[in-house]
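Here are a few exercises to work through with the model open in your viewer. Try each task before you read its solution.

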Amino acid sequence: MAALRLASFTLRPAAAASPSSSAIPAAPRSASFARAARGLPSLRLPPPRRRGDLARPRAAADAAAESYASALSEVASENGTLEATVSDMEKLEKIFADEAIAEFFDNPTVPREEKSQLIEEIAKSSELQPHVSNFLNVVVDNFRAGLVPQIVTEFENAYNALTGTEVATVTSVVQLESQDLAQIAQQVQKMTGAKNVRLKTLLNPELIAGFTVQYGRDGSNLIDMSVRKQIEEIASEFELPAVPLEV
């Protein structure tokens with residue numbers, strides 16, 4: 001089974017020098033996710049459904065995830081912590097990959113104190129920023145923990161739009177060297193014209209050797225440099241039509 005890892009670097013264009021570059025940067029403004037989320041209808045529990053309600057659960061979930069992500073990106077942008085926040089969200093994505101975590105938080109029979117304790121443990125062990133911890137509390141209070149993976153995706157989309165970033169997934173048999181990943185990132189940047197490129201890496205032994213690169217909003221663009229692909233192409237060239245034998 002393929003294992004997901006996040007590449008340790010982000011490709012960015014060199015910043016141009018400016019007369020004010022030597023000035024001491026202002027400290028990030030404090031902002032609370034709970035305050036930013038206040039007043040957003042999609043962050044509240046939906047009203048009970050009636051028979052014949054034609055609302056689509058999936059569409060409602062997508063809208064809620066987008067609203068949570070939008071509120072969080074607003075706070076991170078105000079705080080100047082977009083980079084750190086996207087890193088925190090990737091940590092939560094890995095934690096909530098275990099469906100039992102979301103089931104625990106969304107279970108109405110579990111006391112809130114127990115949920116709070118687990119949130120504190122997650123925040124401490126993952127070194128989450130205060131506003132990300134607040135975000136998690138709001139999600140849990142609204143019984144939306146099951147949406148965390150979708151919220152992460154929507155937040156990454158918002159982050160990419162705000163920073164002009166293209167995300168590419170590199171799949172290989174073994175972890176590639178940093179210089180190899182840098183060359184791949186540069187190539188993706190040339191092809192997409194993105195200001196920044198972030199790489200995620202996957203390990204998949206079925207490729208035999210080589211690597212693949214997927215990019216685009218839905219990963220619809222693929223560069224396949226794997227040995228498996230080459231073997232499949234060679235095999236297709238030697239594939240002969242079935243010849244019936246006469247007895």
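**Exercise 1. Find which residues Thr-85 is in contact with, leaving aside its neighbours within four places in sequence.**

Solution. Start by placing the residue: Thr-85 sits in helix 3, residues 82–95. (Helices here are DSSP runs of H or I with at least four residues, strands are E runs of at least two, and both are numbered from the N terminus.) Next, list contacts, meaning heavy atoms within 4.5 Å. Thr-85 touches Leu-72, Ala-76, Gln-129, His-131, Val-132 and Phe-155. Then look for a polar contact, which is a pair of N or O atoms within 3.5 Å; within protein, one must be able to donate a hydrogen and the other to accept it, and residues adjacent in sequence count only if both atoms are side-chain atoms. The Thr-85 side chain has one to the backbone oxygen of Thr-81, at 2.7 Å. Last, check accessibility: Thr-85 counts as buried because its relative accessibility is 0%. (Buried is under 20% relative accessible area, exposed over 50%, partly exposed in between, with a 1.4 Å probe and protein chains only.)

A word on the ground rules: this is a predicted model, where local features need pLDDT of at least 70 and side-chain atom pairs count only at pLDDT 80 or more, while totals for chains, interfaces and linings use all residues. Residues are numbered from 1 along each chain as its sequence is written, and side-chain values use heavy atoms, with hydrogens and water left out.

**Exercise 2. Work out which helices supply the largest nonpolar core.**

Solution. A nonpolar core is a set of buried Ala, Val, Leu, Ile, Met, Phe, Trp, Tyr and Cys residues joined through side-chain atoms within 4.5 Å. The largest one has 32 residues, and Leu-92, Phe-96, Phe-135 and Ile-151 have the most contacts inside it. Now go helix by helix: helices 2, 3, 4, 5, 6 and 7 each give at least two residues to this core. Helix 2 makes the largest contribution to this core, with seven residues. A second, separate core has 11 residues, among them Ala-168, Leu-176, Ile-184 and Tyr-215.

**Exercise 3. Decide whether strand 2 is buried or exposed, then find its partners.**

Solution. First, count: eight of the eight residues in strand 2 (165–172) are buried. Then split them by side. Thr-165, Val-167, Thr-169 and Thr-171 lie on one face, Glu-166, Ala-168, Val-170 and Ser-172 on the other, and both faces are covered. Now pair the strand, asking for at least two DSSP bridges between partners. Strand 3 (196–203) runs parallel to strand 2, joined by eight bridges, and Val-167 stands opposite Arg-198. Strand 4 (211–215) is antiparallel to strand 2, with five bridges; there Thr-169 has Gln-214 as its bridge partner.

**Exercise 4. Hunt for positive phi values around helix 7 and between strands 3 and 4.**

Solution. Take the glycine first: Gly-164, just after helix 7, has a positive phi of about 65 degrees. Next, the loop between helix 6 and helix 7 holds Phe-143. Phi of Phe-143 is near 55 degrees, positive in a residue other than glycine. Phe-143 is partly exposed, at 36% relative accessible area. Finally, go to the loop between strand 3 and strand 4, where you'll find Ile-208. Its phi is near 75 degrees, again positive in a residue other than glycine.
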